[in-house]
Structures are given as structure tokens and as C-alpha cells.
Amino acid sequence: MEQFSAMFLEFIAAWGYLAVAVLMAAENACIPVPSELILGFAGYLIFSGQMSFAGALTAGMIGGMAGSVFAYLVGHYGGRTFVDRYGHYFLVKKKHVDVAQRWFDQYGLKAVFFSRMLPVVRTFISLPAGFAHVDMKRFLALTFAGALPWTALILYAGMMLGESWKILTHIGHEVSLVFIGVMAAVVVFFYLRHRRKRKQTENVDWE
């Protein structure tokens, strides 16, 4: 893996935004390319003045969305049987698909949003969404909404860490869990605030 990681970093250093987009597309198409490596290094290049945050974020999102759509279409048209039969040729592990499938079975479309911030699941959640033939527009909206904060966070972390950006490749899973915990807390906060305001409005209407 060290050899491949070095190749990925050389690719990004040589091709910049295009390489970020291509590698993020590969990761989201279920090919094992760590986003912490891609975005962490891109964050370092922002730190060193070789990239802009907006450019790297745009490239990462374009690539991530393209890869997610590809995986969704594979699941939609090929189904689980096709993925189980041929996935190993593309380094897709059945156990990873199983994990994503359990998440989707339990949480439905909500899993498409939240899993974009979780290790392993974020890469493979597009497949069970495709298996289930979920509405493409909703899939795209939830994928974008979930991927944007994660992509921005890792880029920003790489930028802040600077020369020490490689720390992200070791603590990426922990960052994912903390981040989704914060996101869940934010969602609950706004939901409760919305309910409180609605009750207050209803009470005023009855008076």
C-alpha cells in the first residue's frame, strides 16, 4: 500500500486538481484509494500555496459525485449478484458491501447522507442505493449534502496540519466518528428548535 500511496501523491503533485478529481472518483467508485490521503495531501498543497481551497474542494466534489454515480449505476443495473461475482476484480470486498447493505437496510436513504462521513461505509453506500433503485435525484442530493462537509473538513485539516498532514492517514477513522457525532448533534439541535418554535406558533394561534 505504501508504494501505491507514493504513486497517488506523485500523481496529485504532477496533475493537481485533475488528479484529486480522478482519485476521489476512484474512491467513491469503491476502489480502495483513501480519501484521507488524497484530501489530506491536497490540504497540504493548499497550505504550501500550490492549490486553492475552492479549487481543491470543487475537484474533490466533482470526482466524488462522479464515482458515487458510477457505483450507483453498477448497483442499479448489475445488482448484488453482479457485484458479488465480479467485484473482487476491482478490489471490492464482499464484507464491505455487506456493511453498507446493513446500514442501508436499517436507515434507508438517510444512510446515504450520514454514511458519507463514516469509514468504509461512505465508499460503498452507493451500491445498496443502486440495488434498491432509489430515486436518482434524491440520491444525488443526499450524496452531495453528506460529501461536502466531509470533503471540506479533511481539506481544511490537511491545510491546518501543514507539514504534519500525514497524521490524517492514521486518525482518519477517529475523525470520521467524531465528525458524524457532531453532525448528529447539530441535526438534533435544529430539529428540537424547529419543534419548539412550531409549538410556540401553535400556542399563539390558539390564543
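The legends below describe an overview and several close-up views of a predicted protein model.

In this predicted model, local features require pLDDT of at least 70 and side-chain atom pairs count only at pLDDT 80 or more, whereas totals for chains, interfaces and linings use all residues. Residues are numbered from 1 along each chain as its sequence is written, and side-chain values use heavy atoms, with hydrogens and water left out.

**Figure 1. Overview of the helical fold.** The protein contains 10 helices and 0 strands, and its pattern along the sequence reads α-α-α-α-α-α-α-α-α-α. Helices (H or I, at least four residues) and strands (E, at least two) are DSSP runs, numbered from the N terminus. Of the 207 residues in the protein, 45% are buried; buried denotes under 20% relative accessible area, exposed over 50%, and partly exposed the range in between (1.4 Å probe, protein chains only). Contact denotes heavy atoms within 4.5 Å. Among contacts between residues at least 6 apart in sequence, 75% join residues at least 24 apart. The protein exposes about 11400 Å², of which carbon and sulfur atoms supply 66%. Accessible areas come from the Shrake-Rupley method with a 1.4 Å probe, and for residues only the protein chains shown count as cover.

**Figure 2. Surroundings of S68 in helix α4.** S68 is buried, because its relative accessible area is 1%. Beyond its neighbours within four places in sequence, S68 is in contact with N28, R116, S126, F139 and T143. S68 and T123 lie 55 residues apart in sequence, and their C-alpha atoms are 8.0 Å apart in space.

**Figure 3. Nonpolar surface patch that includes F82.** F82, Y86, Y89 and F90 form this patch on the surface, with about 470 Å² of accessible area together. Patches are made of residues with over 30% relative accessible area and no salt bridge; like charges are joined within 9 Å, and nonpolar side chains (Val, Leu, Ile, Met, Phe, Trp, Tyr) within 5 Å. A salt bridge is a side-chain nitrogen of Lys or Arg within 4 Å of a carboxyl oxygen of Asp or Glu. F82 belongs to helix α4 (residues 53-86) and counts as partly exposed because its relative accessibility is 38%.

**Figure 4. The second largest pocket.** This pocket has a volume of about 220 Å³. Its lining comprises 13 residues, of which A29, F70, V74, F90 and V92 are the closest to its centre. Helix α4 gives the most to the lining, with 6 residues. On a 1 Å grid over the protein atoms alone, a pocket is an open set of points where a 1.4 Å probe fits, with protein on both sides within 12 Å along at least five of seven lines; lining residues have an atom within 4 Å of a point. Grid points are joined across faces, edges and corners, and a volume is the space filled by probe spheres set on the points.

**Figure 5. Loop residues C30 and H133, with positive phi.** C30 has a phi of about 80° although it is not a glycine. This residue lies in the loop between α2 (17-28) and α3 (35-47), and C30 is buried because its relative accessible area is 3%. H133, also not a glycine, has a phi of about 55°. H133 lies in the loop between α8 (126-131) and α9 (136-161), and it is partly exposed, with a relative accessible area of 46%.

**Figure 6. Surroundings of S35 in helix α3.** S35 counts as buried because its relative accessibility is 0%. Not counting residues up to four places away in sequence, S35 touches M24, E27, G40, R122, W150 and I154.
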